[in-house]
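Open the model in a viewer and keep the sequence panel beside it. The stops below are given in the order in which to select them.

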Amino acid sequence: MNLFKIGVIGIGNMGTSHIQRLLNKEIAGAAVTAVCDGREERLSLYEGSAEIDCFTDVEKFFNEADMDGVIISTPHYSHPEIALKAFSKGFHVLLEKPAGVYTRNVLEMNEAAKESGKVFSLMYNQRTNPLYQKLRSLILAGEIGEIKRTNWIVTNWYRSQSYYDSSDWRATWSGEGGGVLLNQAPHQIDLWQWTTGLMPVKVQAFCKEGKYHDIEVEDEVTAFVEYENGASGVFITSTGEAPGTNRFEIAGDRGKLVVENDKLLFYRLTQSEREFNATFTGGFGEPECWKIEVPVPGESTDHKGIIQNWTDAVLHGAPLLSPGEEGVKGLEISNAIYLSSWLKEAVTLPLDADLYYEKLQEKVQGSTFTKKTVKNVILDVQGTH
């Protein structure tokens, strides 16, 4: 294969931006050859193009489009369903985040991906950021020793009411399956797990639904987690604070790493805190600490980087930066946060996938929310991570 031919299904905010990157030839070795959306007005930009075939019917898209792989950028619930169809037809898949709304069918999707032998990637574009790549390498190399605590405050996801009014499915239990946890924060939830290598074993969380906006899903979250080694963690996010904060701290027995304002700071102890605690006899005192600003060369390649990496994996066997199968990890954490908030109690992981699905259906079926204003417009997603 000399040219990786890509189809895009779902021409909303993200799908439109992916198509434009491909049309601009920003992805080496790839071209967009087909697009699919059930709404005729979304196809109007590409109809008549000599490069792109347009489809409104999903079955025809998968049966007739001249493509080798597909980018899926449809609403969240449909992600696993469409990916399953793509794998069954023999296509490589790049899936927009999140992997799905609930882990039960995401696990089924992962199994189908494995059986298909096709290249499966997930749009965790923040993994292309050299800041988080360096953070991960320092942690996994043991530079801060055993992790004691993680703490991420990410409230710079501000969204106005007009954002939520831009489509009828957005910020509803039936259309999106959640709010800030499923739309904006999946990036940080993934990085929280990916950079540390830790999955929680217990979660206690509080989700506030429609606190700052006229929506039925959560726009503010505070979650407390515990890890198998006894460490604790806190995750706070919101779309209703301005100005927002984005600060990630990871404390270990050999020091602390802090990511904030596009910088990585390493508070490096010259001696293990545990060792100092056991041997120091002077009463008041603490281990010597060096504050180091860690150099981080390079720039984030963002969505473009993930598409290029997926293309390179198909054409040249390059290792995936964001394997699709890993999407279930962050989704399990967010599902646990929801379930804890709904039950008003701590929940343990591995999550009871069937119980979560049952409670989610109660939210969907019990909804009486009606949007007052719906614009149905495509928004410019540049700079929105």
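What follows is a walk through sheets, helices, cores and a few backbone details.

The model is predicted, and local features are reported at pLDDT of at least 70, side-chain atom pairs at pLDDT 80 or more, while totals for chains, interfaces and linings use all residues. Residue numbers start from 1 along each chain as its sequence is written, and side-chain values rest on heavy atoms, with hydrogens and water left out.

**The parallel sheet**

Start with the open sheet of 6 strands, whose order is β3-β2-β1-β4-β5-β6 with parallel pairing. Strands here are DSSP E runs of at least two residues and helices are H or I runs of at least four, numbered from the N terminus; two strands pair if DSSP finds at least two bridges between them. Select 53-55 and 120-122 next: these are β3 and β6, the edge strands, each with a single partner, so one side of each has no neighbour in the sheet. Neighbouring strands of this sheet are turned by 25° against each other on average, direction ignored.

Now select β1 (residues 4-9) and β4 (residues 69-72), which pair in the parallel sense over 4 bridges. Within this pair, I6 is opposite G69 of β4.

Add helix α1 (residues 13-23), which lies across β1, β2 (30-36) and β4 and runs at about 145° to β2. Axes are lines fitted to C-alpha atoms, for helices over the stretch in contact, and angles run from 0 to 180 degrees between N-to-C directions.

**A helix pair**

Select α5 (residues 103-116) together with α12 (residues 327-343). Their axes are 10 Å apart, and the helices pack at an angle of about 170°. That angle makes α5 roughly antiparallel to α12, a term used for angles over 145 degrees (under 35 is roughly parallel, 65 to 115 roughly perpendicular, the rest oblique).

Show side chains at the contact, defined as heavy atoms within 4.5 Å. From α5, T103, V106, L107 and N110 meet V328, L331, E332 and N335 of α12. By class, this contact has 4 nonpolar, 3 polar and 1 charged residues. Ala, Val, Leu, Ile, Met, Phe, Trp, Tyr, Cys and Pro count as nonpolar, Asp, Glu, Lys and Arg as charged, and the others, Gly among them, as polar.

**The nonpolar cores**

A nonpolar core is a set of buried Ala, Val, Leu, Ile, Met, Phe, Trp, Tyr and Cys residues joined through side-chain atoms within 4.5 Å. Buried means under 20% relative accessible area, exposed over 50%, and partly exposed in between, with a 1.4 Å probe and protein chains only.

Which residues touch the most other members of the largest core? Select F61, V93, L135, L257 and I337, out of 80 residues in that core. Helix α12 gives the most to this core, with 8 residues. Centre on L135: leaving aside neighbours within four places in sequence, L135 is in contact with T195, F248, I250, L257, V259 and L264. A second, separate core of 23 residues includes I19, I27, Y46 and V119.

**An enclosed helix**

Go to α9 (residues 186-196). All 11 of the 11 residues of α9 are buried, so the helix is largely enclosed by the rest of the structure. Among the buried residues are W192 and W194. Just after α9, G197 has a positive phi of about 75°.

**Two hairpins**

Select β11 (residues 246-252) and β12 (residues 255-260), which pair in the antiparallel sense over 6 bridges. E249 is opposite V258 in β12, and 2 residues separate the two strands in their hairpin.

Extend the selection to β13 (residues 263-269), which runs antiparallel to β12 and is joined to that strand by 6 bridges. Here K256 faces Y267 in β13. β12 and β13 also form a hairpin with 2 residues between them, and N261 lies in the turn with a positive phi of about 55°. N261 is exposed, with a relative accessible area of 65%.

**Backbone details**

K344 is another non-glycine residue with a positive phi, about 60°; look for K344 in the loop between α12 and β15. At 71% relative accessibility, K344 is exposed.

Where are the cis peptide bonds? One runs from K97 to P98, with omega near -5°, and P98 is in the loop between β5 (92-95) and α5. Another runs from L349 to P350, with omega near 5°, and P350 is in the loop between β15 (347-348) and α13 (353-365).

Finish at N309 in helix α11 (residues 302-316). N309 is buried at 14% relative accessible area. Leaving aside neighbours within four places in sequence, N309 is in contact with P319, L320, L321 and S322.
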